[in-house]
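Got your viewer open and a hand on the mouse? Let's take a walk through this one together, one selection at a time.

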Amino acid sequence: MSARASSGAGPSKTPETVLSIENLTIDLPSWAERAHAVENVSVALGRDEILCIVGESGSGKSVMARAALGLFPSRHVCPSGGRILFQGENLLAATQERLRELRGSRLAMIFQEPMTALNPLLTIGRQIEEAIEVHQPRSREPRRKRVLDMLAAVHLPDPQTIYGAYPHQVSGGQRQRAMIAMALMLEPDVLIADEPTTALDVTTQAQILALIREVQRARHMGVLFITHDFGVVAEIAHRIVVMQHGRVVEQGAATDLLEAPREDYTRMLLAAVPDLVPAARDKEFSREPVALRVAGLEKNYRSRRGFFGRTGRSVHAAKAVGFEIRRGETLGIVGESGSGKSTVARCVTRLIEPDAGEIRIGNVDFAALSQAALRPVRKRIQMVFQDPYSSLDPRYTVGKLIAEGPIVHGTPTGKAMQRARELLELVGLDARAADRYPHEFSGGQRQRIGLARALALDPEILVADEPVSALDVSVQQQVLRLLADIRDRLGLTMLFITHDLRVAAQVCDSIAVMRYGEIVEMGTTKDVFAQPRHAYTRELFAAVPGRAWSERRARTASTT
């Protein structure tokens, strides 16, 4: 834990208030599940302070924060009471013209998903320049120099290249740094960061958190940081506000709230955070038969030839990858984005074609089968995808989505639909959910549906590619427990892909660490977590946000 976060009392005894939200109520449309997105909320942000707003999806934390900039999700969501004061001015009463003057120059925001927040048709440099053009008109060359200086200030490598690159040409961490550069261009007094590290791997996440702390201190800003990750909270927060169903449940100094929460809801959220200490599992796998053997797996991505006959780039995503998983065992593959772990998962399931190697399930080498020969045996290995929103076809009912695989493999429709209802109950949903559509379910429920669909063909092996990375901690805990329960009940073998070491500690029996397409370390979860041998593995562990808090919490739990 950082020294600033561990102080608990904040950066000073009486910080100057830069943003004050007073008795704010924001109405939802009449057809919504509840009347208010935010109800009678009061929060104050001080200068030189990082205030973390935490809560599950639907708690109202993002709606509340965006209200300060006049950014409401639709015309049906609007404030009906309270004030948002910035240096004495009520932002809820400000005109759109006045809000445009304040946005970027005095109040700035980092959005959760930089790929959708950035314009794909403009270079990164041009988009950052627009902020200067709108608020501080000046000639092109001084603008360009200032942008390059800011790109360097947020530690982007080769600012000249980043300046001329389009969003899709840089990594997720680099896009997020570009968003931070854009938000800081005009040195705002308030920075609102809406889940800026949710989809990032631990090393990139650690870099972004360090950068936000650095610029907050250097520019004496107030930072309103929205997250559901308590590791991040423990790393950077001076104070914490906990929200549920649009209301503030609890707030206080970071150390006080993390160590001794008063409210049951806060204690529930903290209890749902997975520990870095591996979960105990008594089963011995050495005597079990090998369910999946991968040897010499290779995958090379080649970009198309460029203009004027230029040769495209080649990326070696998997280099001589090999591992074994025994029946009933869960092997976790961990590593940063771009390490090749998802490529391995998709090669193993033959969703993409490997260039070389063996993928042996029992006596069958999946890698050697033609597509025609593969079809009847594909049901032996199934996949749960990362994004439950895009992996379920919105045109079909849930029952039809689950039954589709068995029907393709010859199961009568009536029998397949009955099995779909049984599977929905197995994953903790009502059988009547079979008649509803994916958009009618929450993210956690959709992930359960995706799991039911994967189980419909009675697979021997389940491949789970980041299945809980986008879920709240409480929903994440439910899905992880469900996966463990189904694995034990059905005797499934699992290949579990994740960048979250806390999740890996709780789910996986053994760990393979990947970097640049290669496995650099492999062993039992207990051994790898207790004494990582490779420098890269140690680097991953060192980057876990809130690690000191997690370890202290685990020690406390072991003595009680």
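Here is a tour of what to select and what you'll find there.

**Stop 1: confidence**

Keep in mind that this is a predicted model. Colour everything by pLDDT: the protein averages 86, and 94% of the residues score at least 70. Now select residues 1-12, where pLDDT stays under 50. The model has 31 contacts beyond four places in sequence for this stretch. Next, pick residues 306-310, where pLDDT also stays under 50 and the model has 2 such contacts. Where pLDDT is low, don't read the predicted coordinates in detail.

**Stop 2: an open sheet**

Select strands S11, S12, S14 and S15. In what order do these strands line up in the sheet? The order is S12-S11-S14-S15, with antiparallel pairing, and the sheet is open. Its edges are strand S12 (314-326) and strand S15 (364-365), each of which pairs on one side only.

Now turn on helix H13 (residues 341-348), which packs on this sheet. H13 touches strand S11 (290-302), S12 and S14, and its direction makes about 115 degrees with that of S11.

Time to walk across the sheet, strand by strand:

- S12 and S11 run antiparallel, joined over 9 bridges. Click Arg302 and you'll find it opposite Ser314 in S12.
- S11 and S14 are an antiparallel pair too, over 5 bridges. Pick Leu292 here: its bridge partner is Ile361 in S14.
- S14 (residues 356-361) and S15 pair over 2 bridges, again antiparallel. Select Arg360 and look across to its bridge partner, Asp365 in S15.

**Stop 3: two rings**

Jump to Phe529 and Phe541 and show their side chains. How far apart are the ring centres? They are 4.8 Å apart, and the planes meet at 80 degrees, so this pair is edge-to-face. The cut-off for that label is over 60 degrees. The count for the model comes to 1 aromatic pair.

Zoom out a little: Phe529 lies in helix H20 (residues 525-530) and Phe541 in helix H21 (residues 535-543), so the pair ties together parts that are 12 residues apart in sequence. Are these rings' residues buried or exposed? Phe529 is buried, with a relative accessible area of 13%, and Phe541 is buried as well, at 5%.

**Stop 4: arginines over rings**

Finish with two more selections. Show Arg144 and Tyr163: the arginine lies over the face of the tyrosine, 4.9 Å from the ring centre. Then show Arg436 and Phe441, where the arginine lies over the ring face at 4.2 Å from its centre.

Note on methods
Residues numbered from 1 in each chain as written. Heavy atoms only, no water. Phe/Tyr/Trp six-rings, centres within 6.5 Å; stacked < 30°, edge-to-face > 60°. Helix = DSSP H or I, 4+ residues; strand = E, 2+ residues; numbered from the N terminus. Buried < 20%, exposed > 50% of the residue type's maximum accessible area, 1.4 Å probe, protein only. Lys NZ or Arg CZ within 6 Å of the ring centre and 35° of its normal. pLDDT = per-residue confidence, 0-100. Contact = heavy atoms within 4.5 Å. Pairing = 2+ DSSP bridges. Axes fitted to C-alpha atoms, helices over the stretch in contact; angles between N-to-C directions.
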